[in-house]
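Reader: I have a new model open and would like to learn how to read it. Could you walk me through it step by step?

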Amino acid sequence: MKYFSELAEILEKVEKINEKSLKIDVLSRFIKSLDKNELKITIWLILGNTEEEWVERKLNVSISTIIRVLRNLGINIKELSLLYKKYGDLGEAVKIIYEKGNIKLNKWFAKKYTIIDIYNELKKIENLEGEGSREKRILYLEGIYKNLSPFEAKLLTRILQGDMRYGVLEGTIEDCLSYIYGINDEKIKIAHAIIGDIGVLAEYLFNNPKNIENINIRLFHPFKPMLAEKANNFQDVFNNFSPAAFEFKFDGIRAQIHKRGNDVKIFTRRLKDVTRSFPDVVELILNNIKNNEIVVEGEIVAWDYNKNLPLPFQEISKRIKREYEISKYIKEIPVKLFLFDIIYLDGKLLINDEYINRRKILEEIRGNIDLTPMIITSKEDEAKKFFEESINMKNEGLVAKKLDSKYIPGKRDKSWLKVKGHLEPLDLVIIGGEWGHGRRKNFISDLYLAALDKDTGEYLMVTKTFKGLSDNEYIQLTKELLKYKIKEEGRIIWFKPKIVVEVIYDEIQKSPKYKSGFALRFARVNRIRWDKSEKDVNTIQEIKEFYEKQRKEEI
Ligand code: AMP
């Protein structure tokens, strides 16, 4: 059984290591030394979670609550604020204050917490609800904080905020498991995607170290979906595979639908449970699919039943935010479901079946539910005609699928290629911004947008823009952004990377101005992607690839 202090010390050490292999080595030794009953939760805590990755975070302890706790313990809040401003990291500031020692600590009789103790305390705090819960939360936290060492206090502060900064990401834990069990990292990634949580995967491997091949999905636990690569044109598609199946690419919400008997759950691509927002889709599934256990995938699209045409993404995103008064919204924004894949049927995982067989099975079980319109062809003119049909319906384009391809969870793979109508928009995360001028002075209008550097986990800026959204959208965005404020420097405010926007632009250019080395020309925000997280944004590596492709096209 490990102490929380041991975890804090290891993470402190890991934070200072730059070399990846050394980091993996140190962390792996620690993970390997954990008992079965603490393994999963320790990994969750290392990542700042108290539940599986896909479960919505319930541990909502605000900075002001943490500060109240620390004030009650006799900490000089002025000094803390200065340190916080200096480091932009409350955890680090708390550590320094603890090291100075002028605080009411339980020095002589301090309780030594195990990792499991802290986890249990956090669960208790999470479950406090209703009147007086804030006061109770403060009391509980005081009780814990006064027993902690500087490293522990820093770790706890970071966990409470869900902002870890130790340089350990899900991918780092994947690398550790790969190292510990001698399994190649591609297999670990797929297993992670199937099982849906890295802590659960660690526990599975602990129990079945030689059995990674037999991992199955768990009904009602979402897995990470397969994603498509981008093709520039049809020649690109046919160079990869021919003939190809082409499906309409609808602009809706990807739905991963699990069913057993009369129970149905719907998850988004980010593994969020949206079942309550779509009782109409649940009913459709129950009325049509007679098999006991299935997992199918499709796109839920807002639909104009008069014109028999899809409505833009903005409409469906209104439905997703609704959990109450649903029946009103079902009428106002009716939807249509188009299925395009089946992953699981009555105990059998179908991911190793060929696409074309999965589509056949889907056809057999679907009842009256629509499948995405599809053609199979090796002729460019036929594909183009189908593309025009899709674009004319205001869809995004087509997805080309290799006929004998497997379903690879969590992977962006070349056996699915998306062909879109315009330059690929980029998904970028907002890391900073500036207050506007004149009419725009009450909201943040100039946004600093960043892509993820896959190698370091850092978010690097690639553009600034104040174009694209309506004033109302900026006002709403500002409200959300301020929840994630890190620090203010004059007119500039820096945010935790949380909110994602889709950005269109004219060109990617090389630029010494940004550390990323790239800049977007004439960038404008196309829409706010509330459905995406900072983990879903485009990477610097992808931007580099697009840049190079774009150059190729110029020649
Ligand atoms: P993107 O968001 O551009 O990476 O495109 C991938 C998304 O397209 C998926 O997550 C689905 O939500 C959506 N999509 C729409 N139609 C299809 C289809 N026929 N096959 C696969 N994905 C589709």
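Author: Happy to; we will go from the overall chain to the ligand, then to a pocket and two backbone details. One thing to keep in mind is that this is a predicted model.

Reader: Let's begin with the whole chain, then. How many helices and strands does the chain have?

Author: The chain has 20 helices and 21 strands. Its C-alpha atoms fill a box of roughly 80 × 60 × 50 Å along the principal axes.

Reader: What does the radius of gyration say about a compact globule here?

Author: The idea is to compare the value with what the chain length would suggest. For 555 residues, a compact globule would come out near 24 Å, and the chain has 25 Å, so the two agree.

Reader: Now the ligand. Which residues around the ligand come nearest?

Author: A good habit is to list the shell, then look at individual contacts. There are 16 residues around the ligand, and Glu247, Arg269, Glu299, Lys401 and Lys418 come nearest. By class, the shell holds 10 charged, 5 nonpolar and 1 polar residues.

Reader: Which strands supply at least two residues of that shell?

Author: They are strand 2 (244-249), strand 11 (397-402) and strand 12 (412-420). Strand 12 gives the largest share, 4 residues.

Reader: And which polar atoms of the protein should I look at around the ligand?

Author: Try three places. An N or O atom in the side chain of Glu247 is 2.8 Å from a nitrogen atom of the ligand. A polar side-chain atom of Lys249 lies 3.0 Å from a ligand oxygen atom. At Phe250 the partner is a polar backbone atom, 3.2 Å from a nitrogen atom of the ligand.

Reader: How much of the ligand's accessible area does the protein cover?

Author: On its own the ligand has 500 Å² of accessible area, and the protein covers 92% of that.

Reader: How do I look for empty space, and what is the volume of the second largest pocket?

Author: Rolling a probe the size of a water molecule over the atoms shows where empty space is left. In this model, the second largest pocket has a volume of about 400 Å³. Its lining has 16 residues, with Ile190, Ile194, Glu213, Ile351 and Asn352 nearest the centre. Helix 11 (residues 185-195) gives the most to this lining, 5 residues. The lining divides into 10 nonpolar, 4 charged and 2 polar residues.

Reader: Last, the backbone. Is the peptide bond from Ser242 to Pro243 cis or trans?

Author: Look at omega: for this bond it is near 0 degrees, and the bond is cis. Pro243 sits in the loop between helix 13 (234-240) and strand 2.

Reader: Where is Asn308, and what is its phi?

Author: Asn308 is in the loop between strand 5 (293-304) and strand 6 (309-310). Its phi is positive, about 55 degrees, although Asn308 is not a glycine.

Conventions:
Residues numbered from 1 in each chain as written. Predicted model: local features only at pLDDT ≥ 70, side-chain atom pairs only at ≥ 80, totals over all residues. Heavy atoms only, no water. Near = heavy atom within 4 Å. Polar contact = N/O pair within 3.5 Å; in protein donor to acceptor, adjacent residues only side chain to side chain. Areas by Shrake-Rupley, 256 points an atom, 1.4 Å probe, with all protein chains shown as cover. Nonpolar A, V, L, I, M, F, W, Y, C, P; charged D, E, K, R; others polar. 1 Å grid on protein atoms, 1.4 Å probe; cavity = no way out; pocket = protein on both sides within 12 Å on 5 of 7 lines; lining within 4 Å. Points joined across faces, edges and corners; volume = space filled by probe spheres on them. Rg over C-alpha atoms; globule rule 2.2 N^0.38 Å.
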